[in-house]
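Student: Hi! Could you walk me through this structure? I'd like to start with the charged side chains.
Tutor: Happy to. Let's have it in front of us.

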Amino acid sequence: MIDQALKPVVADGTVAGMALHEVSLSKGEESNSDHAAKWETSNMMFLYPELVDMAALGGGPLAPKMKPPDGIGGLDPREHASAEVGRRNVQLAAEAIGKKARELLEGLPARPKDAPAPAITPDKWWLI
């Protein structure tokens, strides 16, 4: 859906963009995603530790594959999540997104510094 929305925005080659999930470019051994398991819980432990209550998971087995009542999809966060894992995951994702942004910007044609910016019109809604 986002790729479809980008088509008219990037069509004339004067702007660049791409749709991606935040870890699409950094996915690997130290950077990945899941659902309320190792990766997402680690990110929260790093970014918003005051919002994470691991005790709420209890000590019993978790339902597999995002089934109720837990909704967890991935490695058990009680064993695998940490603020350090989250820090590294966020760092790698941010570095990869920054690198891709630079690549996209460097691929754009140069515009003279005194050239006026295009007017914001219905066909240029994305300039807002």
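Student: How many salt bridges does a search of the whole structure find?
Tutor: The search finds four salt bridges. The term means a side-chain nitrogen of Lys or Arg within 4 Å of a carboxyl oxygen of Asp or Glu. Before we go on, this is a predicted model, where local features need pLDDT of at least 70, side-chain atom pairs count only at pLDDT 80 or more, and totals for chains, interfaces and linings use all residues. Residues are numbered from 1 along each chain as its sequence is written, and side-chain values use heavy atoms, leaving out hydrogens and water.

Student: Which residue forms a salt bridge with Arg88?
Tutor: Glu30 does, and the closest N and O atoms are 3.0 Å apart. Arg88 lies in helix α4 and Glu30 in the loop between α1 and α2, so the pair ties together parts that are 58 residues apart in sequence. Helices here are DSSP runs (H or I, at least four residues), numbered from the N terminus.

Student: Is Arg88 buried or exposed?
Tutor: In between: Arg88 counts as partly exposed at 24% relative accessibility. Buried means under 20% relative accessible area, exposed means over 50%, and partly exposed is in between (1.4 Å probe, protein chains only). Glu30 is also partly exposed, at 41%.

Student: What about Glu84, which residue does it bridge to?
Tutor: Glu84 forms a salt bridge with Arg87, with 2.7 Å between the closest N and O atoms. These two are three residues apart in helix α4, so about one helical turn separates them.

Student: And Asp76?
Tutor: Asp76 forms a salt bridge with Arg78, with the closest N and O atoms 2.7 Å apart. Asp76 is buried, at 15% relative accessible area, while Arg78 is partly exposed at 27%.

Student: Which side chain of opposite charge is nearest to Asp34?
Tutor: That is Lys38, 7.7 Å away; Asp34 is buried yet has no salt bridge. For charges, Lys and Arg count as positive and Asp and Glu as negative, while His and the chain ends are not counted.

Student: So what does the side chain of Asp34 reach?
Tutor: It reaches the backbone nitrogen of Trp39 at 2.7 Å. The side chain of Asp34 also reaches the backbone nitrogen of Ala37, at 3.5 Å. Asp34 itself sits in the loop between α1 (2–10) and α2. Leaving aside neighbours within four places in sequence, Asp34 is in contact (heavy atoms within 4.5 Å) with Trp39, Glu40, Gly73 and Gly74.

Student: New topic! Which residues of helix α2 are buried?
Tutor: In α2 (residues 38–47), they are Lys38, Trp39, Thr41, Ser42 and Asn43. What covers them includes α3 (77–80) and α4 (83–106).

Student: Where is Leu51, and is it buried or exposed?
Tutor: Leu51 lies in the loop between α2 and α3, and it is exposed, with a relative accessible area of 58%.

Student: Anything odd in that loop?
Tutor: Here are some backbone details. A cis peptide bond joins Pro68 and Pro69, with omega about 5°, and Pro69 lies in the loop between α2 and α3. Lys65, also placed in that loop, has phi near 55°, a positive value in a residue other than glycine. Met66 lies there as well, and its phi is near 60°, again positive in a residue other than glycine.

Student: How accessible are Lys65 and Met66?
Tutor: Lys65 counts as exposed at 73% relative accessibility, and Met66 is partly exposed at 48%.

Notes. A polar contact is a pair of N or O atoms within 3.5 Å; within protein, one must be able to donate a hydrogen and the other to accept it, and residues adjacent in sequence count only if both atoms are side-chain atoms.
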